[in-house]
Amino acid sequence: MKLKDITRIINGSVVCEGNCSDVEFISACGSDLMSDVMAFLKNETLLLTGLINPQVIRTAEMMDIKAVVFVRGKKPDSKMVELALEKDIILVTTDYPMFVACGKLYSAGMREEGC
Amino acid sequence: MSNGILTLVYDIPAMDMISAGEASSNVKKKLKQLGVNPLIVKKVSISMYEAEMNAVIHANGGSATVNIGTDEIVIIIEDRGPGIENIDLAMKEGYSTASDEVRQMGFGAGMGLPNIKKNSDSLNIESEIGKGTRLEIAIKFTS
Ligand SMILES: Nc1ncnc2c1ncn2[C@@H]1O[C@H](COP(=O)(O)OP(=O)(O)OP(=O)(O)O)[C@@H](O)[C@H]1O
Ligand SMILES: [Mg+2]
């Protein structure tokens, strides 16, 4: 699944794209708990979260997560966008709540690995 | 410690949730530049970030020293925080004394120390109440 497929499926808007818009996303994880993301993620490239703080971007960087989707209309702040641009991490926002955003991606073929 | 190729030293600022993780991020970048196996880079990133976050969250910051040797990477995270009363208990999955504020930031599930153990070849914790804590984490290139 490509970034453009993801944004279409969850009606998302891209906040910043880095230079990895061509990445193929195979599996995703939905979590507001960064402790769990650190402990249980295997090879997910996409994280869906309702959490807004710079450590979300740090966690994504450490775990090689290529894109973060903020659910329920949450918007990353300027510090997070700045960090994401620096680390080439894609940020997307969607108005769908976590359950719906995950469900739509799952229905479209996105799978989980680990968490 | 094995003969070092490179030593990196960082300050870990206290309760600064914006710059927390800066040291781990820098080490990750360096290891990638050095062409270290991505699986090893991941283990170092996870272990160091967990330890760095602990120093920020539980101990008012500290310092990190990373020794990149020929056969292993050794990460030392030291702080002058409150110390850990019962290390065996702290190593248990789910044990956490994190504040509500920390939990609201998505941390404090009591997964960090067990995660470091899982991702490293050796983990040595020395801690004294009222003095501070020192973690020495080794990750071998062959692991
Ligand atoms: N550097 C430290 N100084 C003082 N206490 C610490 C330190 N590191 C860990 N601890 C204690 O050990 C407990 C367990 O640490 P651990 O990293 O496993 O979980 P956590 O930090 O509470 O949550 P998580 O890592 O999942 O975000 C902490 O809650 C804290 O009580
Ligand atoms: Mg921790």
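**Entry 1: the strands of chain A**

I began with strand E3(A) and found that it pairs with strand E4 (residues 67-70) of chain A in the parallel sense, over four bridges. I note here that the model I am reading is a predicted one. Looking for a single residue to mark this pairing, I took A:Thr49, whose bridge partner in E4(A) is A:Phe70. I then followed the chain between these strands and saw that E3(A), helix H3 (residues 54-62) of chain A and E4(A) make a β-α-β unit, which is right-handed.

Next I looked at strand E2 (residues 28-30) of chain A, which pairs with E3(A), again in the parallel sense, over three bridges. Here I marked A:Gly30, which has A:Leu48 as its bridge partner in E3(A). The chain passes from E2(A) to E3(A) through helix H2 (residues 34-40) of chain A, and I recorded this β-α-β crossover as right-handed.

Are the two faces of E3(A), residues 46-49, covered or not? I found both of them covered, with A:Leu46 and A:Leu48 buried on one side and A:Leu47 and A:Thr49 buried on the other. This fits what I expect in general, since side chains in a regular strand alternate between the two faces of the sheet.

**Entry 2: rings**

How many aromatic pairs does the structure hold over all chains? I found one. The ring centres of B:Tyr49 and B:Phe107 are 6.5 Å apart and their planes stand at 65°, and because an angle over 60 degrees counts as edge-to-face, I entered the pair as such. The pair links distant parts of chain B, as the residues are 58 apart: B:Tyr49 belongs to helix H2 (residues 38-59) of chain B, while B:Phe107 is in the loop between helix H4 (100-104) and helix H5 (112-119) of chain B. I also checked exposure, and both B:Tyr49 and B:Phe107 are buried.

In chain A I looked up a charge and a ring: the charged end of A:Arg111 sits over the ring of A:Tyr106, at 3.9 Å from its centre.

**Entry 3: ligand 1**

I located ligand 1 between chains A and B. Of the 21 residues around ligand 1, those that come nearest are B:His58, B:Ser96, B:Thr97, B:Gly108 and B:Met111.

I then went through some polar contacts. A polar side-chain atom of B:Asn54 lies 2.8 Å from an oxygen atom of the ligand, and a polar backbone atom of B:Gly110 is 3.0 Å from an oxygen atom of the ligand. For B:Asp79, I noted an N or O atom of the side chain 2.9 Å from a nitrogen atom of ligand 1.

How values were computed: Residues are numbered from 1 along each chain as its sequence is written. Chains are lettered from A and ligands numbered from 1 in the order in which they are written. This is a predicted model: local features need pLDDT of at least 70, side-chain atom pairs count only at pLDDT 80 or more; totals for chains, interfaces and linings use all residues. Side-chain values use heavy atoms; hydrogens and water are left out. Rings of Phe, Tyr and Trp (its six-membered ring) pair if their centres lie within 6.5 Å; planes under 30 degrees apart count as stacked, over 60 as edge-to-face and the rest as tilted. Buried means under 20% relative accessible area, exposed over 50%, partly exposed in between (1.4 Å probe, protein chains only). A charge sits over a ring if NZ of Lys or CZ of Arg is within 6 Å of the ring centre and within 35 degrees of the ring normal. Two strands pair if DSSP finds at least two bridges between them. A crossover is right-handed if, with the strands pointing away from the viewer, the path from the first strand over the helix to the second runs clockwise. A residue is near a molecule or strand if one of its heavy atoms lies within 4 Å of it. A polar contact is a pair of N or O atoms within 3.5 Å; within protein, one must be able to donate a hydrogen and the other to accept it, and residues adjacent in sequence count only if both atoms are side-chain atoms.
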